[in-house]
Amino acid sequence: MLQMSRRQFLKVTATSLAGSSLALMGFAPDNVLAEVRQYKLARTTETRNTCPYCSVGCGILMYGLGDGAKNATASIIHIEGDPDHPVNRGTLCPKGASLIDFIHSPNRLQHPEYRAAGSNEWKRISWDEALDRIAKRLKEDRDANFVEKTADGKTVNRWLTTGMLAASAASNEVGYLTHKVARSMGLLAFDNQARV
Ligand code: SF4
């Protein structure tokens with residue numbers, strides 16, 4: 001015979017009553033529990049990109065929440081290898097597979113900073129200020145060091161005192177334009193972090 005205390009009896013009775021009331025109202029636990037769990041990336045936006053870490057240049061798929069509405073905060077929630085990418089065909093090394101941590105790291109640099117000569121402090125500056133400074137310094141250096149002809153009269157139009165490192169996540173089109181800009185200024189020291 002089933003032995004139960006008064007407290008246990010009350011608990012069982014209350015649970016049964018609640019269950020039968022829900023059943024009367026149309027709640028069918030079997031159907032609810034059998035529902036397929038929603039795919040976690042169902043409401044995300046997929047963006048193709050390139051892993052920024054090494055020169056292999058593996059393709060990645062980034063999944064972001066937030067549809068661009070004013071009250072929605074966009075956030076990358078998942079990253080995986082791009083199965084259609086010819087370099088990695090969906091695979092990522094451990095470093096690339098942990099990219100999500102890099103994106104959300106509190107130590108990630110997200111704004112331009114400037115350290116004045118002789119100072120040990122980095123100061124946050126605006127993008128406009130940063131770009132103006134870069135353009136000004138490039139022009140000063142190019143004006144001072146551009147070589148139009150060698151000593152024996154050969155035209156070379158080269159600028160050897162400045163170099164440029166382009167970003168891995170640039171598209172083919174951006175890469176092409178960046179190359180054109182660098183070469184048209186006479187820059188020879190020009191490289192891309194990913195060889196893509
Ligand atoms: S996933 Fe690994 S191998 Fe591929 S680019 Fe990133 S760091 Fe390099």
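A residue counts as near a molecule or strand if one of its heavy atoms lies within 4 Å of it. By that yardstick, the residues around the ligand in this predicted model are Cys 51, Tyr 53, Cys 54, Val 56, Gly 57, Cys 58, Leu 92, Cys 93 and Gly 96. The shell splits into 7 nonpolar residues, 2 polar and no charged (Ala, Val, Leu, Ile, Met, Phe, Trp, Tyr, Cys and Pro count as nonpolar, Asp, Glu, Lys and Arg as charged, the others, Gly among them, as polar). Residues are numbered from 1 along each chain as its sequence is written. Local features need pLDDT of at least 70, side-chain atom pairs count only at pLDDT 80 or more, totals for chains, interfaces and linings use all residues, and side-chain values use heavy atoms, with hydrogens and water left out.

Cys 51 and Cys 58 turn up again in the largest nonpolar core, alongside Ile 60, Met 62, Ile 79, Leu 99 and Ile 103. Such a core is a set of buried Ala, Val, Leu, Ile, Met, Phe, Trp, Tyr and Cys residues joined through side-chain atoms within 4.5 Å; buried means under 20% relative accessible area, exposed over 50%, partly exposed in between (1.4 Å probe, protein chains only). A second, separate core of 5 residues includes Trp 159, Ala 166, Ala 182 and Phe 190.

Beyond four places in sequence, Cys 51 touches Cys 58, Ile 60, Gly 96, Leu 99, Ser 168 and Gln 193, contact being heavy atoms within 4.5 Å.

Then there is Thr 44, buried at a relative accessible area of 15%. Again setting aside neighbours within four places, Thr 44 contacts Tyr 63, Gly 64, Leu 65 and Ile 77.
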